[in-house]
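Visitor: Could you take me through one part of this structure in detail? I would like to see how its pieces fit together.

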Amino acid sequence: MRLGTGTQTKGKCKSPGTQLAEFEAAISGAGMTLDYRWFDVEPKGKGDACNAWNLGDAANLALAKQWTALLRQSGNKWGIYANGNQWTAMFASRTTDIGSDLPLWAVQDDHKPGVSTVHTFMGGWTSAVGKQYDEGKFILA
């Protein structure tokens with residue numbers, strides 16, 4: 001199940017709160033037990049209306065802060081999955097912090113496994129608990 005930004009005006013996207021509630025209900029209804037859930041913060045193609053992160057720097061930041069507040073309040077463990085090289089396409093600068101208190105699963109396609117090899121940080125993070133180091137290859141600490 002995919003969570004989207006939920007802000008586009010075409011009426012197809014649900015609010016972040018509704019999406020999160022439905023997501024959590026689907027997990028619970030399926031009897032799944034998850035240690036962590038990961039919120040993917042990446043710009044998507046123009047054809048993906050509900051997950052575009054194309055609202056502009058200030059609106060994207062407000063939306064990201066809304067999402068991270070909801071994730072913290074959910075009562076479950078959440079982390080952020082993101083690519084530092086895409087950060088400035090969504091936010092004003094590489095240092096824009098949307099929730100660096102949440103664990104980071106970093107995308108750094110350098111073909112080097114190991115979370116200790118992450119060196120491209122953004123948003124206030126200084127370490128990662130997970131790393132995607134090649135397309136389809138990842139490691140979690």
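Visitor: Looking closely at the largest nonpolar core, which of its residues touch the most other members?

Guide: Happy to. Please keep in mind that this is a predicted model, where local features need pLDDT of at least 70 and side-chain atom pairs count only at pLDDT 80 or more, while totals for chains, interfaces and linings use all residues. Residues are numbered from 1 along each chain as its sequence is written, and side-chain values use heavy atoms, leaving out hydrogens and water.

The core has 24 residues, and Phe-39, Val-41, Trp-53, Ile-80 and Trp-87 touch the most other members. A nonpolar core here is a set of buried Ala, Val, Leu, Ile, Met, Phe, Trp, Tyr and Cys residues joined through side-chain atoms within 4.5 Å; buried means under 20% relative accessible area, exposed over 50%, and partly exposed in between, with a 1.4 Å probe and protein chains only. At least two core residues each come from helix 1 (16-29), strand 1 (37-41), helix 2 (57-73), strand 2 (78-83) and strand 3 (104-107). Helices (H or I, at least four residues) and strands (E, at least two) are DSSP runs, numbered from the N terminus.

Helix 2 gives the largest share of this core, four residues. Its buried residues are Asn-60, Leu-63, Ala-64, Trp-67, Thr-68 and Leu-71. Seen down the helix axis, these fall within an arc of 135° (taken from the directions from the axis to the C-beta atoms), so they line one face of helix 2. They pack against helix 1, strand 1 and strand 2, with contact meaning heavy atoms within 4.5 Å. Ala-58 and Gln-73, on the other side of helix 2, are exposed. After helix 2 comes Gly-75, with a positive phi near 85°.

Strand 2 holds Ile-80, one of the core residues named above. Six of the six residues of strand 2 are buried, so this strand is largely enclosed by the rest of the structure. Trp-78, Ile-80 and Ala-82 point one way from strand 2, and Gly-79, Tyr-81 and Asn-83 point the other way.

Strand 2 also has partners: strand 1 runs parallel to strand 2, joined by five bridges, and strand 3 pairs with strand 2 in the parallel sense over four. Pairing requires that DSSP finds at least two bridges between two strands. Trp-78 is the bridge partner of Arg-37, and Ile-80 stands opposite Leu-104 in strand 3.
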